Amino acid sequence: MSLAAEGSGAENSNMFTPRIKTKSLVELCRRVGTSIEAGIDARRMWSQEAERGSWAQRHHLGQISRDVNSGISISDAMEATDGYFPLPVREMVAVGEQAG
């Protein structure tokens, strides 16, 4: 199986940068959606998410948590993860932030 087939993504700056697995992404989106609906603060939510999943997932979500805590938008924080999140997900997050 090629690296591209494993989800490394063509837009990655580093061909060895992992991409979040589909199942993990679906679970993350479900938890984030539930947290937003429940009114949980974004900083707290990302901090909690940074404690879940594989090493790569914890690393990238920890980076997002730190960025959000410093005032960076979630979409910009996701962009900074070198393609860990698929482009359509990053674009949907950006649209959601713009729409409110």
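Are Y84 and F85 buried or exposed? Both are buried, where buried means under 20% relative accessible area, exposed over 50% and partly exposed in between, with a 1.4 Å probe and protein chains only.

1. Basis. This is a predicted model, in which local features need pLDDT of at least 70, side-chain atom pairs count only at pLDDT 80 or more, and totals for chains, interfaces and linings use all residues. Residues are numbered from 1 along each chain as its sequence is written, and side-chain values use heavy atoms, with hydrogens and water left out.

2. Overall make-up. The protein has 5 helices and 0 strands; helices (H or I, at least four residues) and strands (E, at least two) are DSSP runs, numbered from the N terminus. Read from the N terminus, the order of elements is α-α-α-α-α. Of the 100 residues, 35% are buried. Among contacts (heavy atoms within 4.5 Å) with a separation of 6 or more, 40% join residues 24 or more positions apart.

3. Aromatic pair. The whole structure yields 1 aromatic pair. The partners are Y84 and F85, set edge-to-face with 5.2 Å centre to centre and 90° between the planes. For reference, rings of Phe, Tyr and Trp (its six-membered ring) pair if their centres lie within 6.5 Å; planes under 30 degrees apart count as stacked, over 60 as edge-to-face and the rest as tilted.

4. Helix 1, length and faces. Helix 1 covers residues 22-37, and its 16 residues reach 22 Å from first C-alpha to last, close to the 22 Å expected at 1.5 Å a residue. The expected span is 1.5 Å times one less than the number of residues. Its buried residues are L25, L28, R31, V32 and S35. They lie on the same side of helix 1 because they cover an arc of only 130° around the axis, the arc being that of the directions from the helix axis to the C-beta atoms. An α-helix has 3.6 residues a turn, so residues three or four places apart point the same way. The face turned away from the buried side of helix 1 carries the exposed residues T22, K23, V26, R30 and E37.

5. Helix 1, surroundings. The buried residues of helix 1 pack against helix 2 (42-49), helix 3 (55-69) and helix 5 (87-99). Just after helix 1, G39 has a positive phi of about 80°.

6. Helix 3. This helix has 15 residues and reaches 21 Å from its first C-alpha to its last, close to the 21 Å expected at 1.5 Å a residue. Its buried residues are A56, Q57, H60, L61, G62, Q63, I64, S65, D67 and V68. Their cover includes helix 1, helix 2 and helix 4. Just after helix 3, G71 takes a positive phi of about 100°.

7. Loop between helix 2 and helix 3. R52 lies in this loop and is partly exposed, with a relative accessible area of 40%. Leaving out residues up to four places away in sequence, R52 touches R31, Q57 and R58. R52 and S24 are 28 residues apart in sequence, and their C-alpha atoms are 9.9 Å apart in space.

8. Loop between helix 4 and helix 5. D82 is found here. D82 is not a glycine, yet has a positive phi of about 55°. At 39% relative accessibility, D82 counts as partly exposed.

9. Helix 5. Its 13 residues reach 18 Å from first C-alpha to last, close to the 18 Å expected at 1.5 Å a residue. G96 lies in helix 5 and is partly exposed, with a relative accessible area of 38%. The C-alpha atoms of G96 and S75 are 9.2 Å apart, with their positions 21 residues apart along the chain. Just after helix 5, G100 takes a positive phi of about 90°.

10. Largest pocket. About 300 Å³ of space lies in the largest pocket. A pocket, on a 1 Å grid over the protein atoms alone, is an open set of points where a 1.4 Å probe fits, with protein on both sides within 12 Å along at least five of seven lines; lining residues have an atom within 4 Å of a point. Grid points are joined across faces, edges and corners, and the volume is the space filled by probe spheres set on the points. The lining has 17 residues, of which V32, I36, W46, I74 and V93 lie nearest the centre of the pocket. Helix 1, helix 2, helix 4 (74-79) and helix 5 each give two or more residues to this lining. Helix 1 gives the most, with 6 residues.
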